[in-house]
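The exercises below ask you to read a protein model from its overall dimensions down to single residues. Try each task on the structure before you turn to its solution.

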Amino acid sequence: MAFSTHHLELSADVVDLWRTWLDLPADDCARFFQTLSNDERERAERFHFPSDRIRFVVGRGFLRALLARYVDIPPGDLCFRYGRFGKPVLAAAEPQGIQFNVSHSHGLAVYAVTRQRAVGIDVEYIRHIPDMEQVAERFFAASEVVALRSVAREKLAEAFFNCWTRKEAMVKACGDGLTMPLDSFTVSLAPGEPARLLSSGSNGLAASCWQLEKLNLAPGYVGALAVEGTGWQAVDRSP
């Protein structure tokens, strides 16, 4: 896998989107492994299955190679710190305002990079979940459950994961983790309907201060991007 090292510029009105498949050849995995921190290497070695180890190494290595191009620091020298609820921050990028978020599912990883804007991204592989409607009743807002029940049976899984990814993207953008229940705000979910934050409940999430966008990533996947503010555009930068 060829990966450019050229510097990347990023303005405040652009959100850069990147994606990669995590099941890469051994040579690529080995190169990425060399850029990981000691803690990341130890974590990689703890995976029981080689396939899980490869996906972790490629996911972290790709992230390091990517962020290095924005801040002009070698991938292996990047340092991360973590917020109170585990959201990662690139320490060296704070003066430049670089923020990022990552998600992966079923071998696909997606990355969003912004400047001076909080960001959250989420991807899910569309699949059958036993008792899907019961899961929705447990985690979704009542109005979302009603909307889900109105979706045709053959579109039910897509609608479920539309809702799930949009909620997860919002939670990750805010960095609030489990302190923001998924049923405390509502989003659109019907297949073909634009991604929107419909109501903010008691979280203080003013819809005018956040923008949701549906991501078309690969067949069989759904994704969502949540970004602070308006007037920005997402640009797919994937090689």
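**Exercise 1. Charge, extent and surface**

Task: Determine how far apart the mean positions of the positive and negative charges of the protein are, and decide whether the radius of gyration agrees or disagrees with that of a compact globule.

Solution. The model is a predicted one. The protein carries 26 positive and 29 negative charges, and the mean positions of these two sets are 0 Å apart. For the extent, the C-alpha trace spans about 50 × 40 × 30 Å along its principal axes. A compact globule of 239 residues would have a radius of gyration near 18 Å, and because the protein has 18 Å, the two values agree. Turning to the surface, the protein exposes about 11,700 Å², of which carbon and sulfur atoms supply 53%, while 47% of the 239 residues count as buried.

**Exercise 2. Secondary structure and contact range**

Task: State how many helices and strands the protein has, and find what percentage of contacts between residues at least 6 apart in sequence join residues at least 24 apart.

Solution. The protein has 6 helices and 11 strands. When contacts between residues at least 6 apart in sequence are taken as the reference set, 59% of them join residues that are at least 24 apart.

**Exercise 3. The nonpolar cores**

Task: Identify the residues with the most contacts inside the largest nonpolar core, and say which element supplies the largest share of this core.

Solution. In soluble globular proteins, nonpolar side chains tend to be buried together. Here the largest nonpolar core has 31 residues, and F140, L148, F160, M170, F185, L197 and L212 are those with the most contacts inside it. At least two residues of this core come from each of α4 (132-139), α5 (142-149), α6 (156-174), β9 (210-215) and β10 (221-228). The largest share, 11 residues, is that of α6. Apart from this core lies another, of 29 residues, which includes F56, L67, I98 and F100.

To follow one member of the largest core in detail, take L212: once its neighbours within four places in sequence are left aside, L212 is in contact with R166, M170, V187, A195, R196, L197, L225 and A226.

**Exercise 4. Two buried residues in a strand and a helix**

Task: For V123 and A136, establish the element in which each is placed and whether each is buried or exposed.

Solution. Begin with V123, which is placed in strand β6 (residues 119-125). Its relative accessible area is 0%, so V123 is buried. Although V123 and S105 are 18 residues apart in sequence, their C-alpha atoms are 6.2 Å apart in space. Beyond its neighbours within four places, V123 is in contact with S103, H104, S105, L108, V110, T165, L217, Y221, V222 and G223.

Now take A136, which belongs to helix α4; with a relative accessible area of 0%, A136 is buried. Not counting residues up to four places away in sequence, A136 touches V145, L148 and F160. The C-alpha atoms of A136 and V146, 10 residues apart along the chain, are separated by 9.9 Å.

**Exercise 5. Two charged residues**

Task: Decide how R60 and D183 are classed by relative accessibility, and list what each touches beyond four places in sequence.

Solution. R60 lies in helix α3. Because its relative accessibility is 16% and the cut-off for burial is under 20%, R60 counts as buried. Residues up to four places away being left out, R60 touches L36, E40, F80 and Y82.

D183 is placed in the loop between α6 and β7 (186-187), and at 42% relative accessibility D183 counts as partly exposed. With the same sequence exclusion of up to four places, D183 touches F139, F140, A141 and K167. D183 and W164 are 19 residues apart along the chain, and their C-alpha atoms are separated by 11 Å.

**Exercise 6. Positive phi values**

Task: Find where D72 and H106 lie, and state the phi of each.

Solution. Most residues other than glycine have a negative phi. D72, in the loop between α3 (50-71) and β2 (80-82), has a positive phi near 55 degrees; D72 is exposed, with a relative accessible area of 55%. H106, in the loop between β4 (98-105) and β5 (108-115), has a positive phi near 50 degrees, and H106 is exposed, at a relative accessible area of 51%.

Technical notes
Residues are numbered from 1 along each chain as its sequence is written. This is a predicted model: local features need pLDDT of at least 70, side-chain atom pairs count only at pLDDT 80 or more; totals for chains, interfaces and linings use all residues. Side-chain values use heavy atoms; hydrogens and water are left out. Helices (H or I, at least four residues) and strands (E, at least two) are DSSP runs, numbered from the N terminus. The radius of gyration is taken over C-alpha atoms; the globule rule is 2.2 Å times the number of residues to the power 0.38. Buried means under 20% relative accessible area, exposed over 50%, partly exposed in between (1.4 Å probe, protein chains only). Contact means heavy atoms within 4.5 Å. Accessible areas come from the Shrake-Rupley method with a 1.4 Å probe; for residues, only the protein chains shown count as cover. Lys and Arg count as positive and Asp and Glu as negative; His and the chain ends are not counted. The place of a charge is taken as NZ of Lys, CZ of Arg, CG of Asp or CD of Glu. A nonpolar core is a set of buried Ala, Val, Leu, Ile, Met, Phe, Trp, Tyr and Cys residues joined through side-chain atoms within 4.5 Å.
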